[in-house]
Amino acid sequence: MFKIISKEELAPGITRFDVEAMLVARKARPGQFVIIRIREGGERIPLTIAAYDREKGIISLVSLRVGKSTALLAGLRQGDNILDLVGPLGNPSEIKNFGRVICVGGGAGIAPVLPIAGALKDAGNHVISIIGSKTEGMLILEDEMRSVSDEFYICTDDGSLGYKGFVSGLLEEYLEKNLSDVKRNKTNVDRCIAIGPAVMMASVAKVTEKYGLKTIVSLNSIMVDGTGMCGACRVEVGGKTKFVCVDGPEFDGHQVNFDLLMSRQRIYCKQEDTCYDLYKEECRHKK
Amino acid sequence: MVAKSESNKKRTKKVRIPRTSMPEQDPGARKKNFEEVATGYTQEDALLEASRCIQCKNPTCISGCPVEIDIKSFIKLITEKKFEEALEKIREKNTLPAVCGRVCPQEDQCEKECILGIRYEPVAIGRLERYVADRELKRLADQGKECAYSEVTRKCTKEKVAIVGSGPAGLTCAAELSKKGYRVTIFEALHKAGGVLVYGIPEFRLPKDIVQKEIDYLKSMDVNISVNAVIGKTLTVEDLINDGFKAIFIATGAGLPHFMGIPGENLNGVYSANEYLTRSNLMKAYKFPECDTPIIRGKNVAVVGGGNVAMDSARTALRLGADHVYLIYRRGEAEMPARNEEIKHAREEGIDFKLLNNPVEIMGRDGWVDKIRLIKMKLGEPDQSGRRRPVPVSGSEYDIDVDVVIMAIGQGPNPLLTSRIKGLKLNSRGYIDADPETGKTSLKGVFAGGDIVTGAATVILAMGAGRKAAKHIDQYIRTGKW
Ligand SMILES: Cc1cc2nc3c(=O)[nH]c(=O)nc-3n(C[C@H](O)[C@H](O)[C@H](O)COP(=O)(O)OP(=O)(O)OC[C@H]3O[C@@H](n4cnc5c(N)ncnc54)[C@H](O)[C@@H]3O)c2cc1C
Ligand SMILES: Cc1cc2nc3c(=O)[nH]c(=O)nc-3n(C[C@H](O)[C@H](O)[C@H](O)COP(=O)(O)OP(=O)(O)OC[C@H]3O[C@@H](n4cnc5c(N)ncnc54)[C@H](O)[C@@H]3O)c2cc1C
Ligand code: SF4
Ligand code: SF4
Ligand code: FES
């Protein structure tokens, strides 16, 4: 049992949980994730470790409510327990002094970018952050991201805050302005990290490819065990099949077959909807 | 002289009793439910079957059992209706009799060596083993006890030993060490202990509450089970050593799913058997939406492979509502590695065997599987394994309509842990190089056994390895000698 120490709603449908998980906190590094099972009969869902405190033995998870399991999680209160939690899974992000690094976070994806941006900053990088959401009220972790960034930009789809448009749009403008070698379309940026919905990562990768800017993305495929045992999480990278849980979750964005990733994310759409609708119905009855 | 011929006559009469058949659910009914197919002997069945054993002076059956259960004696005890003592006799060598009685490939092990098998049918040793184990479970359940067998509630006080993986190898090693008084902790990556017994083998072949009772029994023996602990991630082997564990037994199984490497394998609707079975068994997807994990319920399902894993997948697909399940295997039925009983059950339930066929491509529409292309095979010269090698018949390709494909073509060693232990010797296929007699690896204090050493094998072989390792772990801790 893993106790929820505190809970905070960061934006409508996006909740942060601080959870007691001593062993995971001790080993966690930026880029890694856990798999949780909320209750008996529940499914196993992966969530990125958004922060960790080794001394206190606490990890933070930021979850976007999209279906039944994340709704169940959102329904838990401070003091409640998560039945199962295992991790840290996946490989940690590569952290070293690359020079100038752009960190792009979209929606709930800002949460997993934060610890990576922080670690990159600590490693001596010049950190440029671009974060975005649908609208101002949905933007999360703004102050936290600002505090680890040397340059900081916000986008919203509706223009209610910062640049109007997608993160990929702002990114393209930034890169265009920072060309160091106009002929070869080279910029003064050394690396890009992008985490968010698959479509967002795909468009970021498309933009950076033009500038030959190495781009790391963190893939959110469907998972079961998270230890390489089932193959549910398989994706195609550079024409080869990889398991996100053990080979990733981070991959070279220019090598990833995003169409396949997005197609595979939809495998259970119909079932998940039925499941979620039944659950909502159940909740309504309880009220 | 007279007495002898008398007894000879009795013998002849005995062996002429036909092997007592196993009561089973009707195929038409059972293919629609997840309840156990074989319902188990009644007392009359067990007594009759036990009476067929001629109590050989030189019981060859025992050498056929990898853990050398004293089969002759336990069967004798059954004939005397001393069921509890019969169970005790089995438990001297085998801590999971209710499991082995159900899933051992008896026809290749104990029953293969039974003398009666030469002229008649062998004694149904496995079914008898299951009977005595089930009888005890039922007796305790009737008394309102949760546990398998009488609880022991012991307090262990000796050195600490860590076991990685809670499959049959890990569970057996834990039980043996606990009996010797060691403080044992089993670390398991999943949220539930049992290994393949809980995530792989389906409910209709091995009810999960039986496995659970065995595990509860271990807990009553003061074995600590720590689930949600991936060794190599949550804790490393160095952590375990620093934590005061004097020896480590690695029993992580062969859990890495193989794919064929043909086009279309990443289409929606293509599963590894591991994923398909894990969803259905461990996550209870067959109860969706009551349980939250979904699974695709295909109408036309193709399962590729010929082992127990393939049979389990095919029969699960049927129970999940498929109209037609094809079993695609590149050799003939005689070459199938699955247990005879599973093959028989699968046929009875209407699985469509496509023998001497091999997939060459999976085709899709809008990202979803809709066809599988097969090529016909013929048997050529024997290969290294002695089985005749299947060769494709050129130009014989044809397509069948399917919406789910399950790959059950074997498993390999998962490198998650093994690649993280410095100095641990692996063989060329990635399995741990361990002494088959002692379980010792290239690292002092680290033992290994089960599928992670042998490659995918059987429950009882994994248990045997766990037992042997326990003996040598004890010796190592007592003497300090490697
Ligand atoms: C490595 C990794 C890290 C992640 N980190 C976060 C995070 O920090 N915060 C966050 O909000 N979300 C994260 N996700 C996504 C999160 O796991 C899914 O949103 C969640 O499982 C949805 O469950 P649900 O029942 O609420 O929704 P559902 O209705 O089940 O599904 C909605 C969508 O979520 C995806 N999904 C469903 N089941 C799974 C599953 N078992 N594994 C993965 N994806 C699934 C599918 O694409 C599906 O279409 C991460 C995913 C991965 C793989
Ligand atoms: C579907 C199926 C059907 C089968 N049917 C039969 C049958 O009828 N008869 C028969 O005799 N055999 C059968 N087998 C084979 C038999 O189940 C295996 O040979 C046996 O389970 C091997 O036991 P094990 O203890 O070595 O490993 P496993 O049972 O594989 O257990 C290994 C355990 O270790 C855990 N683990 C792995 N890595 C780590 C880690 N790093 N940290 C912590 N834990 C970890 C795994 O989660 C797993 O629980 C079948 C196998 C399958 C898959
Ligand atoms: S454990 Fe298996 S091989 Fe040994 S006697 Fe029992 S059924 Fe036969
Ligand atoms: S070989 Fe067969 S008949 Fe002889 S003791 Fe064993 S089980 Fe009985
Ligand atoms: S989640 Fe099962 S192999 Fe990656």
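Colleague: Before anything else, what counts as a salt bridge here?
Modeller: A salt bridge is a side-chain nitrogen of Lys or Arg within 4 Å of a carboxyl oxygen of Asp or Glu. This is a predicted model, in which local features need pLDDT of at least 70 and side-chain atom pairs count only at pLDDT 80 or more, while totals for chains, interfaces and linings use all residues. Residues are numbered from 1 along each chain as its sequence is written, chains are lettered from A and ligands numbered from 1 in the order in which they are written, and side-chain values use heavy atoms, with hydrogens and water left out.

Colleague: Fine, so how many salt bridges are there between chain A and chain B?
Modeller: The count is three, and one of the pairs in a salt bridge is A:Lys68 with B:Asp292, whose closest N and O atoms are 2.7 Å apart.

Colleague: And how much area do the two chains bury between them?
Modeller: Chain A and chain B bury about 3,400 Å², 55% of it on carbon and sulfur atoms, where buried area is the accessible area (1.4 Å probe) that two parts lose on being put together, summed over both. In chain A, the residues that lose the most area to chain B are A:Met229, A:Arg234 and A:Tyr268, together 19% of what that side buries.

Colleague: Switching topic, which residues sit around ligand 4?
Modeller: With a heavy atom within 4 Å as the criterion, the residues around ligand 4 include B:Cys53, B:Cys56, B:Cys61 and B:Cys114, and also B:Ile54 and B:Thr60.
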